[in-house]
Amino acid sequence: MERHFDQELKDLKQEILKMGAFAEEAIYKSVEALKNRDRELAKSVVDNDSNIDQLELSIDEKCIDLIARYQPMANDLRFITTGMKINSELERISDIAVDIAQRTLELIDKPLLKPLIDIPKLTSVAQNMVKMSIDAFVKGDIELAKKVLLSDPEANNLRNIIQKELTEDYMAKDPSSAPRAVQLLLITRFLERICDHTTNIAEDVIYMVQAEVVKHHPEKLKE
Amino acid sequence: MTNSKIVTQNLNLWYADFHALKDINANFEPNKITAIIGPSGCGKSTMLRVFNRMNDLIEGVKTSGKVLVDGIDILDLDADLVKLRKEVGMVFQRPNPFPLSIYENIVFGEKVHSENIKKDKLDEIVEASLKSVLLWDELKNRLKESALRLSLEQKQRLCIARLIAVKSDVLLMDEPCSTLDPQATAKIEELMRELKNNYTIIVVTHNMQQAARVSDDTGFMLLGELVEFGKTQDIFTAPKDKKTEDYITGRYG
């Protein structure tokens, strides 16, 4: 039996999907701006943040409204509460993209420290994790959610490689490189944080689908 | 050895050829509220009525299996029904006070169960029972008034007080709030929470929000079967059976 409520849930899912698309776009643009030293693109990420903030508020409001009016239970309840948490994770991801764009705006004024090789690799991992986590939510796909969780070590590994290179090969050898290296270190840290947010989304999706809390219980993923 | 107050073991019940309860196995714990939910005709009220043998009054009723109350099978033909109905009392959908005074409503059961009871003792019972259902302050100066003049909520509280007066251990409640407004419902639910400290409460309700709010355990029945039984939190957030999920999310039917 199709309920009126089902349509409301579909609308909510669409809104969260839109939030995910905004987040993906913000990451892509912020790193493209870094790679291409594109001031306008970096600025557009900063400027679009208020639209993402508005969408976050509107999704939250919709969730609260649905809870108040329909008093959802079971999978409906899990879908809405998970939706609220994912909404918040996506907003944080967008904020981090803004942080990357702001670091980029500062770096653009200075000479290029080094060709960017591993940061784009880490970006690609982060973007892929964002995409997979949103797909996992939309499709209720646990296997995809687990794939997100399994991708996190790769992100951590790349972060370690970049950190090592920047501190040992640049900052230690040439202290004058520190201001630029620190900006790149921050960007690396931001990208890795984005990956952490996607693992939160993946854990929430697993709870939504099978009502099992895997957050803070890594042993459950091995079962 | 179980500590459960009521245990059903392969309980079946037929109304003539109609198989109304099918192999029900459940444990009802003391000092807890257990809600039984399910669509109309699923057998939930029938099960409630088995617990104090009210179905005996219906012609053609046949049962099999066991219903143990404090370890004693109440389906046994030799079961002491007067004692059973004193211990396991029922509150109905529409409050049904006797057309007597408030005072007489409360002492009615006690007078039936014990002869030559002193007036002082009866006064004590009335005060204690009305205090238990939080009606004493409201009604202590109106005890001689007819119970029929009370509000619906007060009548329902009075009916609960009547059970407390005869020292029931188990309170069976069949849709106890369905005729009450939301405010009165909230008050009865608060009372249920108070009472569970001393009683085993089993409530049949169509109101899923009420079941979710007030109960510790919940059972979902469908077509005479107990489909799922467990902690209320689990049933309403993560039911194991698809049929339970469909029912509580309104997809059933």
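This report describes the two chains of the model, their secondary structure and the contact between them.

The model is predicted: local features need pLDDT of at least 70, side-chain atom pairs count only at pLDDT 80 or more, and totals for chains, interfaces and linings use all residues. Residues are numbered from 1 along each chain as its sequence is written, while chains are lettered from A and ligands numbered from 1 in the order in which they are written.

## The two chains

Chain A contains seven helices and zero strands, so that its elements read α-α-α-α-α-α-α from the N terminus. Chain B has 10 helices and 10 strands. Helices (H or I, at least four residues) and strands (E, at least two) are DSSP runs, numbered from the N terminus.

The overall dimensions are set out below.

| Chain | Residues | Radius of gyration | Value for a compact globule |
|---|---|---|---|
| Chain A | 223 residues | 19 Å | near 17 Å |
| Chain B | 253 residues | 18 Å | near 18 Å |

The radius of gyration is taken over C-alpha atoms, and the globule rule is 2.2 Å times the number of residues to the power 0.38. For chain A the value agrees with the rule, and for chain B it agrees as well. Along the principal axes, the C-alpha trace of chain A spans about 65 × 40 × 20 Å, and the C-alpha atoms of chain B fill a box of roughly 55 × 45 × 35 Å.

Buried residues make up 39% of chain A and 43% of chain B. A residue is buried if 20 or more other C-beta atoms lie within 10 Å of its own, exposed if 12 or fewer, and partly exposed in between, with C-beta atoms placed from the backbone. Two residues are in contact if their C-beta atoms, placed from the backbone, lie within 7 Å. Among contacts between residues at least 6 apart in sequence, 79% in chain A join residues at least 24 apart; for chain B the figure is 68%.

## Helices of chain A

Helix α4(A) covers residues 118-139 and reaches 31 Å from its first C-alpha to its last, close to the 32 Å expected at 1.5 Å a residue. The expected span of a helix is 1.5 Å times one less than its number of residues. Among the buried residues of α4(A) are I119(A), L122(A), V125(A), M129(A) and F137(A). The buried residues of this helix pack against α1 (4-36), α3 (74-108), α5 (142-171) and α6 (178-210) of chain A. After α4(A) comes G140(A), with a positive phi near 60 degrees.

Helix α6(A) has 33 residues, and the 48 Å between its end C-alpha atoms agrees with the expected span of 48 Å. A211(A), which follows α6(A), has a positive phi near 55 degrees.

L41(A) belongs to helix α2 (residues 39-70) of chain A. This residue counts as partly exposed because it has 19 C-beta neighbours inside 10 Å. Leaving aside residues up to four places away in sequence, L41(A) touches K29(A), E32(A) and A33(A). L41(A) and K29(A) are 12 residues apart in sequence and 6.4 Å apart in space, C-alpha to C-alpha.

## Sheets of chain B

Strands of a sheet pair through backbone hydrogen bonds, either parallel or antiparallel. Here two strands pair if DSSP finds at least two bridges between them.

One open sheet of chain B has four strands in the order β2-β1-β4-β5, with antiparallel pairing. Its edge strands are β2 (18-28) and β5 (72-73) of chain B, each pairing on one side only. Strands β1 (residues 6-15) and β4 (residues 61-69) of chain B are joined by eight bridges in the antiparallel sense, and I6(B) stands opposite V69(B) in β4(B).

Another open sheet has six strands in the order β6-β7-β8-β3-β9-β10 of chain B, with mixed pairing. Each of β6 (88-91) and β10 of chain B has a single partner strand, so one side of each is left without a neighbour in the sheet. β6(B) pairs with β7 (residues 170-174) of chain B in the parallel sense over four bridges; M90(B) has L172(B) as its bridge partner in β7(B).

β9 (residues 217-222) and β10 (residues 225-231) of chain B pair in the antiparallel sense over six bridges. These two strands, β9(B) and β10(B), form a hairpin with two residues between them, and L223(B) in the turn has a positive phi of about 50 degrees.

## Contact between the chains

At the interface, 10 residues of chain A are in contact with 12 residues of chain B. On the side of chain A, the residues divide into five nonpolar, two polar and three charged. Ala, Val, Leu, Ile, Met, Phe, Trp, Tyr, Cys and Pro count as nonpolar, Asp, Glu, Lys and Arg as charged, and the others, Gly among them, as polar.
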